[in-house]
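Visitor: Please take me through one part of this model at close range. Start with the strand pairing, then move outward to the helices.

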Amino acid sequence: MSGNVPASTRTLRVLTFLATQPGPVPMERIASAVGLPRSSTYHLLRAMIDEGFVVHLPEEKRYGLGVAAFEIGSAYLRHDPLERLARPLLVQLVHEVGQTAHLGVLHGRELVYLLKEQPPRPVTLVTDVGVRLPATLTASGRALLAELPPAQVRALFPSPESFVRRTDLGPQTLTQLRRLLAEEKRQGFAVEDSFITPGMASVASAAIDHAGHPVAAISVTFRTDTVPPTDRPHLAHKIRQAAKALTRRLHG
């Protein structure tokens with residue numbers, strides 16, 4: 001890192017690095033990650049400790065995020081920024097495709113719907129704001145799972161008992177899931193057809209944050225007889241455009 005990088009930028013890079021780690025880390029790893037000499041990293045961490053943004057674990061000789069960082073994150077969540085950023089994109093998507101659009105996030109092995117935008121004449125769906133469905137069976141859930149590290153997917157679905165069956169369709173083993181996720185990651189969107197409700201299908205694509213993590217998925221759900229297979233690539237393109245727009249809004 002060049003010497004003329006502002007201290008504020010160095011501080012933010014330290015916070016960003018710590019936020020991506022599964023737990024506290026040694027100072028040497030922080031210095032290497034942000035490109036600072038060990039002495040400069042030490043002084044920077046001391047200042048961040050004094051302000052509550054970093055905590056030092058002396059017995060472990062490691063550093064992690066402090067309470068002040070947690071408070072900033074909590075304030076961010078209170079402002080509902082994800083929904084505010086995504087809603088205009090969903091409204092525009094519904095206007096373009098004439099079908100119901102959703103915003104969903106992962107919660108463990110489930111997909112939770114945060115937003116739902118409908119056309120003037122919507123069809124009845126099981127999906128609604130707050131509804132939870134098995135992530136492996138929803139297009140939104142798999143669009144997000146496809147962006148996770150394989151080890152994280154394995155931890156979420158360690159055995160056949162981890163999989164839920166609704167209509168006898170969809171992956172039922174980790175091997176089947178991995179094969180499906182690899183294909184959906186390659187094409188940039190996920191599709192489910194009658195996995196949740198017979199005669200209903202969904203297409204979804206994931207939005208990524210600044211740290212490269214999948215944050216949410218934008219999806220469109222429709223009756224299979226209203227969107228023929230030949231029209232679904234165009235629908236997928238529109239959904240990917242919306243997800244990429246949300247990624248840009250999240251500085252991904």
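Guide: **The S6–S7 hairpin and the helix contacts**

Val191 stands opposite Val203 in S7. This is a predicted model, in which local features need pLDDT of at least 70, side-chain atom pairs count only at pLDDT 80 or more, and totals for chains, interfaces and linings use all residues. Residues are numbered from 1 along each chain as its sequence is written, and side-chain values use heavy atoms, with hydrogens and water left out.

Strand S6 covers residues 190-193. Strand S7 covers residues 200-208. Both labels come from DSSP runs numbered from the N terminus (helices are H or I, at least four residues; strands are E, at least two). S6 and S7 run antiparallel, joined by four bridges. Strands pair if DSSP finds at least two bridges between them. Six residues lie between S6 and S7 in this hairpin. In the turn, Ser194 has a positive phi of about 70°. S6 has two faces: Ala190 and Glu192 are on the covered one, Val191 and Asp193 on the uncovered one.

Ser140 belongs to helix H6, residues 139-145. Ser140 counts as buried, at 2% relative accessibility. Buried means under 20% relative accessible area, exposed over 50%, partly exposed in between (1.4 Å probe, protein chains only). Beyond its neighbours within four places in sequence, Ser140 contacts Leu111, Ala204, Ala217 and Ser219. Contact means heavy atoms within 4.5 Å.

Now the helix pairs. The axes of H5 (residues 81-97) and H9 (residues 232-249) come within 10 Å and cross at roughly 160°. Axes are lines fitted to C-alpha atoms, for helices over the stretch in contact; angles run from 0 to 180 degrees between N-to-C directions. H5 and H9 are therefore roughly antiparallel. The classes are roughly parallel under 35 degrees, roughly antiparallel over 145, roughly perpendicular from 65 to 115, and oblique for the rest. From H5, the contact residues include Leu82, Leu85 and Glu96. H9 contributes residues including Leu235, Lys238 and Arg249. The H5–H9 contact residues divide into twelve nonpolar, no polar and three charged. Here Ala, Val, Leu, Ile, Met, Phe, Trp, Tyr, Cys and Pro count as nonpolar, Asp, Glu, Lys and Arg as charged, and the others, Gly among them, as polar.

H1 (residues 7-20) and H2 (residues 27-34) have axes that come within 10 Å and cross at roughly 120°. H1 and H2 are therefore oblique to each other. Arg13, Val14, Phe17 and Leu18 of H1 meet Arg29, Ile30, Ala33 and Val34 of H2.
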